[in-house]
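Thanks for sharing this one. Here are my notes, point by point, to read alongside the coordinates.

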Amino acid sequence: MKRPILLHPDPRLKKTADAVSDLSDELRRLADDMLETMYDAPGIGLAAPQVGVLTRLIVLDCVKEEGEAPRPLIMFNPEVLASSDELNTYEEGCLSIPEQFADVTRPAEVEVRWIDRDGKERVEGMDGLWATCVQHEIDHLDGKLFIDYLKPLKRQLITRKMQKLKRERARV
Ligand code: NI
């Protein structure tokens with residue numbers, strides 16, 4: 001089942017999400033719903049706070065090549081264990097900030113630990129778009145958006161555009 005995605009600015013996008021202690025069927029259902037919502041958007045990552053749930057859960061699939069098999073990842077309590085000194089800059093966007101994009105620089109490689117859908121602990125190194133995406137989504141769990149990396153003026157400009165967009169959508 002698809003879930004509505006919250007749009008910035010929204011106080012729920014600025015909160016720190018709670019760790020998962022018990023992997024329930026309800027949480028698995030939430031994860032499946034989030035993947036469906038993400039693919040439908042379409043997007044390459046989604047964090048639970050973006051659907052209004054303040055739980056440490058993210059989903060992603062950064063496979064972009066046409067014809068390549070999808071690789072949906074469900075990550076409970078994701079955590080960056082180590083980051084490379086080498087940096088990478090990508091033009092980022094966010095499903096909670098539609099149609100706004102900006103360059104963000106982050107570590108090029110990260111080692112990430114998480115609990116998967118079956119409750120198993122996993123550790124994996126990620127690079128390229130996967131590294132950027134997983135860091136962007138984990139930021140959401142700490143109430144941080146990609147625009148928080150931008151200069152204040154640029155951030156304010158995007159926020160004003162978003163306020164306008166939300167007003168327009170509310171009128172429909
Ligand atoms: Ni985002």
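1. Let me start with a residue that is easy to overlook: Asp148 is partly exposed, at a relative accessible area of 26%. Asp148 pairs with Lys14 in a salt bridge, the closest N and O atoms being 3.4 Å apart. Asp148 sits in the loop between α2 and α3 (152-171), while Lys14 belongs to the segment before α1 (25-40), so this pair ties together parts that are 134 residues apart in sequence. Lys14 is also partly exposed, with a relative accessible area of 44%. Please keep in mind that this is a predicted model.

2. The structure holds 13 salt bridges, and a few others deserve a look. Arg12 and Asp10 meet through their side chains at 3.0 Å, N to O; Arg12 is partly exposed at 37% relative accessibility, whereas Asp10 is buried at 12%. In helix α3, Glu168 and Lys164 are four residues apart, which puts about one helical turn between them, and their side chains form a salt bridge at 3.4 Å, N to O. Glu168 is partly exposed at 35%, and so is Lys164 at 47%. There is also a network of salt bridges that links Glu92, Arg106 and Asp139.

3. Now the metal site. Which protein atoms are the donors of the nickel ion? They are SG of Cys94, NE2 of His136 and NE2 of His140, lying 2.1 to 2.3 Å from the ion. Along the chain, the donors follow the spacing C-x41-H-x3-H. His136 and His140 are four residues apart in helix α2 (residues 128-141), and are therefore separated by about one helical turn. As background, an α-helix has 3.6 residues a turn, so residues three or four places apart point the same way. Cys94 is buried, with a relative accessible area of 10%; the values for the two histidines are 6% for His136 and 1% for His140, so they count as buried too.

4. Helix α2 deserves its own point. Twelve of its 14 residues are buried, so α2 is largely enclosed by the rest of the structure. Among the buried residues are Trp130, Cys133, Ile138 and Leu141. After the helix comes Gly143, with a positive phi near 70°.

5. The largest pocket has about 500 Å³ of space and a lining of 26 residues. Gly43, Ile44, Gly93, Cys94 and Phe101 lie nearest its centre, so Cys94 appears here as well as among the nickel donors. Helix α2 gives the most to this lining, with six residues; β4 (87-94) and β5 (97-107) each supply at least two. By type, the lining divides into 13 nonpolar, eight polar and five charged residues.

6. The second largest pocket holds about 160 Å³ of space. β3 (73-83), β5 and α2 each supply at least two residues of its lining, which includes Arg56, Glu79, Arg106, Asp139 and Tyr149. The lining divides into five nonpolar, two polar and five charged residues.

7. Finally, the cysteines. How many disulfides does a search of the whole structure find? It finds zero. The sulfur of Cys62 has its closest cysteine sulfur in Cys133, 3.6 Å away, which is too far for a bond. Cys62 is buried, at 5% relative accessibility.

Technical notes. Residues numbered from 1 in each chain as written. Predicted model: local features only at pLDDT ≥ 70, side-chain atom pairs only at ≥ 80, totals over all residues. Heavy atoms only, no water. Donors = N, O, S within 2.8 Å, 3.2 Å for Na, K, Ca; no water. Buried < 20%, exposed > 50% of the residue type's maximum accessible area, 1.4 Å probe, protein only. 1 Å grid on protein atoms, 1.4 Å probe; cavity = no way out; pocket = protein on both sides within 12 Å on 5 of 7 lines; lining within 4 Å. Points joined across faces, edges and corners; volume = space filled by probe spheres on them. Nonpolar A, V, L, I, M, F, W, Y, C, P; charged D, E, K, R; others polar. Disulfide = S-S within 2.5 Å. Salt bridge = Lys/Arg side-chain N within 4 Å of Asp/Glu carboxyl O.
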